[in-house]
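Trainee: I am new to this structure and would like to understand the reasoning behind the words used for it. Could we go through them one at a time?

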Amino acid sequence: MATRYDPADYPPFAVTVDLVVLTLRDDALHVLLVERGADPWRGRWALPGGFVQPDEGLDDAAARELAEETGVRDVPGHLEQLASYGDPDRDPRMRVVSVAYLALAPGLPEPRAGSDAAGAAWVRVDDALARPLAFDHARVLADGVERARAKLEYSPLAAAFCADEFTVAELRRVYEAVWGRPLDPRNFHRKVTGVPGLLVDTGRTRAEGRGRPAALYRRGDVTTLHPPLSRD
C-alpha cells in the first residue's frame, strides 16, 4: 500500500536563479548589478535574478530574469552554472535555494532597468565587492569572479575579448583585467606563445609605440590550455 503524501506536511521553499554577468569595459572587469525596487533590501544593489516559475527550467528562468531586469538578452560567450546557495536565512521572506549562473562575454550592451529593478548598471568588480550587496550576493559574486579567473588559466576564453587579429600585449591586458594584477610582459609572452594551439601567428605585424612592430596573432583551435597559465 502506497504511503500517503501530503505536500502540506512539509515546509514550503522556493527556487531562484542569480546571475554573475561579467565583461570588460575600459580595461577593467565589470559586473552587471541591479538596484532592488522592492522589499526586501529595497534600494540595495544586487545581482540580477529572481524566482523560477513552476513551468520553466533553470536555464529559461535565468535568461528571462536577465532580460526582464536588465534588458540584456542572448548573452554570447561563456555561460555555466556556478553553484547553489541554500543557507536557511539567506532570504528573509522564506526558505530559498538559489542556483547561480556565471556569464563572461565581450561586447555586452548598456543595461536597461525593468521588472522590479529600480536601476541597472555595469559596476567595476572591485567597487561591487566593496559594496554591501543584497542577500548573500557578495559571496556569490566573489565565487563567480574566482571561477572566471580560474577559467582563464586553463581555457582560451581570454582571446574572445580580442579582435580577430591581436598582439600578445592586447591579450595580456585581458588577463590583467580579469586577474586583477599586472603581469610581466616577457614572462607572459613566453607562456602564451608556448601553449600549443592557443595562438596562430599571422605573419603580420603592427607598430606599437616606439619599439619594433609587434607580431599579430589569431585564436587557435585549442579548447584546453596545456600547460595551464598560472596567476602566480
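Mentor: Let us begin with a term we shall need throughout: a residue is called buried when its relative accessible area is under 20%, exposed when that area is over 50%, and partly exposed in between. Please keep in mind that this is a predicted model. By that cut-off, the buried residues of helix 3 are His137, Val140, Leu141, Gly144, Val145, Ala148, Ala150, Lys151, Leu152 and Glu153, and buried residues make up 44% of the 232 residues in the protein.

Trainee: How do you know that the span of helix 3 agrees with what is expected?

Mentor: Helix 3 runs over residues 137-154, and its 18 residues, at 1.5 Å each, should span 26 Å. Its end C-alpha atoms are 26 Å apart, so the two values agree.

Trainee: Why is aspartate 18 called buried?

Mentor: Its relative accessible area is 5%, and because buried means under 20%, aspartate 18 meets the definition. Aspartate 18 is found in strand 1, residues 13-25, and, leaving aside residues up to four places away in sequence, it touches Leu47, Pro48, Gly49, Arg90, Ser98, Val99, Ala100, Tyr101 and His137.

Trainee: What makes alanine 63 partly exposed, then?

Mentor: Alanine 63, which is found in helix 1 (residues 58-70), has a relative accessible area of 46%. That value falls between the 20% and 50% limits, and therefore alanine 63 is called partly exposed. Alanine 63 and alanine 169 are 106 residues apart in sequence, and their C-alpha atoms are 34 Å apart in space.

Trainee: Why is helix 4 said to be largely enclosed by the rest of the structure?

Mentor: Nine of its twelve residues are buried, and so the description follows. Those buried residues are Val168, Ala169, Leu171, Arg172, Val174, Tyr175, Ala177, Val178 and Trp179. What covers them includes strand 1, strand 2, helix 3, helix 5, strand 8 (199-206) and strand 9 (214-219). From its first C-alpha to its last, helix 4 reaches 16 Å, close to the 16 Å expected, and it is followed by glycine 180, whose phi is positive, near 70°.

Trainee: What makes a set of residues a nonpolar core?

Mentor: The members must be buried, must belong to a list of residue types that includes Ala, Val, Leu and Tyr, and must be joined through side-chain atoms within 4.5 Å. The largest nonpolar core here has 42 residues, among which Val20, Leu22, Val31, Leu171 and Tyr175 touch the most other members. The elements that give two or more residues to this core include strand 1, strand 5 (78-85), strand 6 (95-104) and helix 5 (185-193), while helix 4 gives the most, with six residues. As a general matter, nonpolar side chains tend to be buried together in soluble globular proteins.

Trainee: Which residues does valine 20 touch?

Mentor: Not counting residues up to four places away in sequence, valine 20 touches Val31, Leu47, Leu82, Tyr101, Leu102, Ala103, Val140, Leu141 and Gly144. A second, separate core of 15 residues includes Val17, Leu19, Val21 and Ala105.

Trainee: How many helices and strands does the protein have?

Mentor: The protein has five helices and nine strands, which follow the pattern β-β-β-β-α-β-β-β-α-α-α-α-β-β along the sequence. Of the contacts with a separation of 6 or more, 68% are between residues 24 or more positions apart.

How values were computed:
Residues numbered from 1 in each chain as written. Predicted model: local features only at pLDDT ≥ 70, side-chain atom pairs only at ≥ 80, totals over all residues. Heavy atoms only, no water. Helix = DSSP H or I, 4+ residues; strand = E, 2+ residues; numbered from the N terminus. Buried < 20%, exposed > 50% of the residue type's maximum accessible area, 1.4 Å probe, protein only. Contact = heavy atoms within 4.5 Å. Expected span 1.5 Å × (residues − 1).
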